[in-house]
Amino acid sequence: MYQPKKYKKDNPEFIFKFIQHHPFATFIINGDRFLATHIPVLTHGTAQDFILFAHIANHNEQFNYLKDDTEALLIFQGAHGYVSSSWYKEKDISTWDYSAVHVNVKLKIQSREELEESLQELVATFEKQQENPLY
């Protein structure tokens, strides 16, 4: 991701909290071509030492390429918006203002037990705001 020096944040606490506040990520792997899926991702651990976990459907094309140590990219996006050069005294080029975190990961396939636990946590996390949650 292009990051001008003055905007770059390497603070683990910022990255960790950003992911927690924007858990819907683009999951990208290289199969026979680049493949992307949009999935919810949760964290375990602390800002200094955390893991990410998620789930994709068995019939998702990416599923065939999921193996331990496969490299992937997760992109978490926050607020964004167009910035017109017309807003400034000196006209330059218009741009897009955004916040995003890119995380390069190596996959670890979950055991059946880990999968069931993480699915329960994913459902509970995103269902808790529902009027009639599916627990």
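The side chains of Lys-108 and Glu-114 meet in a salt bridge, with 3.2 Å from N to O. Lys-108 counts as exposed, at 57% relative accessibility, and Glu-114 counts as partly exposed, at 34%. The model in which this contact appears is a predicted one. The structure holds five salt bridges, and some of them share partners: Asp-32, Arg-33 and Glu-61 are joined in this way into one network.

In that network, Arg-33 takes part in two of the contacts described here. One salt bridge is between the side chains of Asp-32 and Arg-33, at 3.3 Å from N to O. Another is between Glu-61 and Arg-33, where the closest N and O atoms are 2.9 Å apart. Glu-61 belongs to the loop between β3 and β4, while Arg-33 belongs to the loop between β1 and β2, so this pair ties together parts that lie 28 residues apart in sequence. The three residues can also be placed by their accessibility. Asp-32 has a relative accessible area of 58%; because exposed means over 50%, Asp-32 is exposed. Arg-33, at 43% relative accessibility, counts as partly exposed. Glu-61 is partly exposed as well, with a relative accessible area of 38%.

The loop that holds Arg-33 leads to the strands on either side of it. Strand β1 covers residues 24-30 and strand β2 covers residues 34-46; the two pair in the antiparallel sense over seven bridges. They form a hairpin, with three residues between them. Two positions show how the strands face each other. Phe-24 stands opposite Pro-40 in β2, and Ile-28 stands opposite Ala-36 in β2.

Strand β1 has a further partner. It pairs in the antiparallel sense with strand β4, residues 71-83, over four bridges. Ile-28 takes part here too, and its bridge partner in β4 is Leu-73. Ile-28 therefore has a partner in β2, namely Ala-36, and another in β4, namely Leu-73, where a pairing of strands means at least two bridges between them.

Strand β2 continues the arrangement toward β3. These two strands run antiparallel and are joined by six bridges. A hairpin connects β2 to β3 through two residues. At this connection, Thr-46 has Asp-49 in β3 as its bridge partner.

The pockets come next. The largest pocket contains about 970 Å³ of space. It is lined by 28 residues, and those closest to its centre are Leu-52, Phe-53, Ala-54, Lys-108 and Gln-110. Lys-108 is the residue whose side chain meets that of Glu-114 in the salt bridge described at the start. Which elements supply at least two residues each to the lining of the largest pocket? They are β2, β3 (49-54), β5 (95-106) and α2 (112-127). Helix α2 gives the most, with six residues. By character, the residues of this lining divide into 17 nonpolar, five polar and six charged.

The second largest pocket holds about 840 Å³ of space. Its lining is made up of 28 residues, of which Tyr-2, Pro-4, Tyr-7, Asp-97 and Tyr-98 are the closest to its centre. The elements that each supply at least two residues to this lining are α1 (12-21) and β5. The largest share, nine residues, comes from β5. The residues of the lining of the second largest pocket divide into 15 nonpolar, seven polar and six charged.

Strand β5 links the two descriptions: it supplies at least two residues to the lining of the largest pocket, and it gives the largest share of the lining of the second largest pocket.

Note on methods: Residues are numbered from 1 along each chain as its sequence is written. This is a predicted model: local features need pLDDT of at least 70, side-chain atom pairs count only at pLDDT 80 or more; totals for chains, interfaces and linings use all residues. Side-chain values use heavy atoms; hydrogens and water are left out. On a 1 Å grid over the protein atoms alone, a cavity is a set of points where a 1.4 Å probe fits but cannot get out, and a pocket is an open set with protein on both sides within 12 Å along at least five of seven lines; lining residues have an atom within 4 Å of a point. Grid points are joined across faces, edges and corners, and a volume is the space filled by probe spheres set on the points. Ala, Val, Leu, Ile, Met, Phe, Trp, Tyr, Cys and Pro count as nonpolar, Asp, Glu, Lys and Arg as charged, and the others, Gly among them, as polar. A salt bridge is a side-chain nitrogen of Lys or Arg within 4 Å of a carboxyl oxygen of Asp or Glu. Buried means under 20% relative accessible area, exposed over 50%, partly exposed in between (1.4 Å probe, protein chains only).
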